[in-house]
Amino acid sequence: MNLTDKVVLITGAARGLGEAFARAVVAEGGRVLISDILDEQGSALAADLGAESARYIHLDVTDPASWKRAVDFAEHEFGALTGLVNNAGVSASGTPVAEESRETFQRIIDINLVAVHTGITAAVPALRRAGGGSIVNISSAAGLIGMALTGAYGAAKWGVRGLTKVAAVELGREKIRVNSVHPGMVLTPMTAVTGISAADGAFPNNPFQRVGRPEELAGAVCYLLSDAASYTTGAELAVDGGWTAGPSIEYIAGQ
């Protein structure tokens, strides 16, 4: 996808999915503002991508003032902001709904949903100044189907899906597109703690029978950021190895 002249702010971009998105944006000719709370890793990634294409800024997605600094920095460094990828998040607690504490539930909602709204409100004025743009919200397969042990996480990701559609309807006439991407199980530092394996056949739940790699999500995100998706808004794109389409034959046979 051609991202020449695109300037994209990506949250949670120091590693995992966000890093893959940042690298892909630059590879496609765009410029990227890497934001995270992992300053050492984020700064190293920006240096690796090069000063002409990348900058790093500390961004706490739960802090509106931090968002304003990031958006202002993007415009100061690159002259405009044309894209936002709301990627930062935390994983599910792995606790049944009836046992998930209110504090845990609130924390996950704040980071995975409320922060997405905060990011949209912070970025839209800059996107308007740029004459339009694209917002890509990273939801989850858990935002398309019910998954056990993901109470707060699932609620947040369903919320991201709904918020995306509302924003798409409201911002369409201003040439600001808003879409959601729904990853399945992807091997990242956040999911590695579950002990998942990247080997073929190690994840029989989906038709591909394997987990995804971060770079396999990047193409979908770059498409939605690009002018090739100029008539796409309010869409939800599952990139999950077919997980939400249904379990593999082998998985069903093994029950």
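Helix α3 (residues 64-78) has 15 residues, and at 1.5 Å a residue it should span 21 Å; its end C-alpha atoms are indeed 21 Å apart, so the two values agree. The expected span here is 1.5 Å times one less than the number of residues. Helices (H or I, at least four residues) and strands (E, at least two) are DSSP runs, numbered from the N terminus. The model is a predicted one, in which local features need pLDDT of at least 70 and side-chain atom pairs count only at pLDDT 80 or more, while totals for chains, interfaces and linings use all residues. Residues are numbered from 1 along each chain as its sequence is written, and side-chain values use heavy atoms, with hydrogens and water left out.

So what does α3 tuck away? Its buried residues are S66, W67, A70, V71, A74 and F78, where buried means under 20% relative accessible area, exposed over 50%, and partly exposed in between (1.4 Å probe, protein chains only). They cover an arc of only 135° around the axis, which puts them on the same side of α3; the arc is that of the directions from the helix axis to the C-beta atoms. K68 and H76, on the other side of α3, are exposed. The buried residues of α3 pack against β1, β2, β3, β4 (83-86) and α4 (102-129), with contact taken as heavy atoms within 4.5 Å. Right after α3 comes G79, whose phi is positive, near 90°.

Three of the strands that α3 packs against can be followed further. Strand β2 (residues 31-36) is mostly covered, with five of its six residues buried. It has β1 (residues 7-10) as a parallel partner, joined by four bridges, and in this pairing V8 stands opposite V32. Two strands count as paired if DSSP finds at least two bridges between them. Strand β3 (residues 54-58) also runs parallel to β2, joined by five bridges, and here D36 stands opposite H58.

The helices between these strands complete the picture. Helix α1 (residues 16-27) makes a right-handed β-α-β unit with β1 and β2. Helix α2 (residues 39-49) makes a right-handed β-α-β unit with β2 and β3. Right-handed means that, with the strands pointing away from the viewer, the path from the first strand over the helix to the second runs clockwise.

Elsewhere in the chain, G172 lies in the loop between α5 (151-171) and β6 (176-183). G172 is partly exposed, with a relative accessible area of 36%. G172 and T233 are 61 residues apart in sequence, yet 7.6 Å apart in space, C-alpha to C-alpha.
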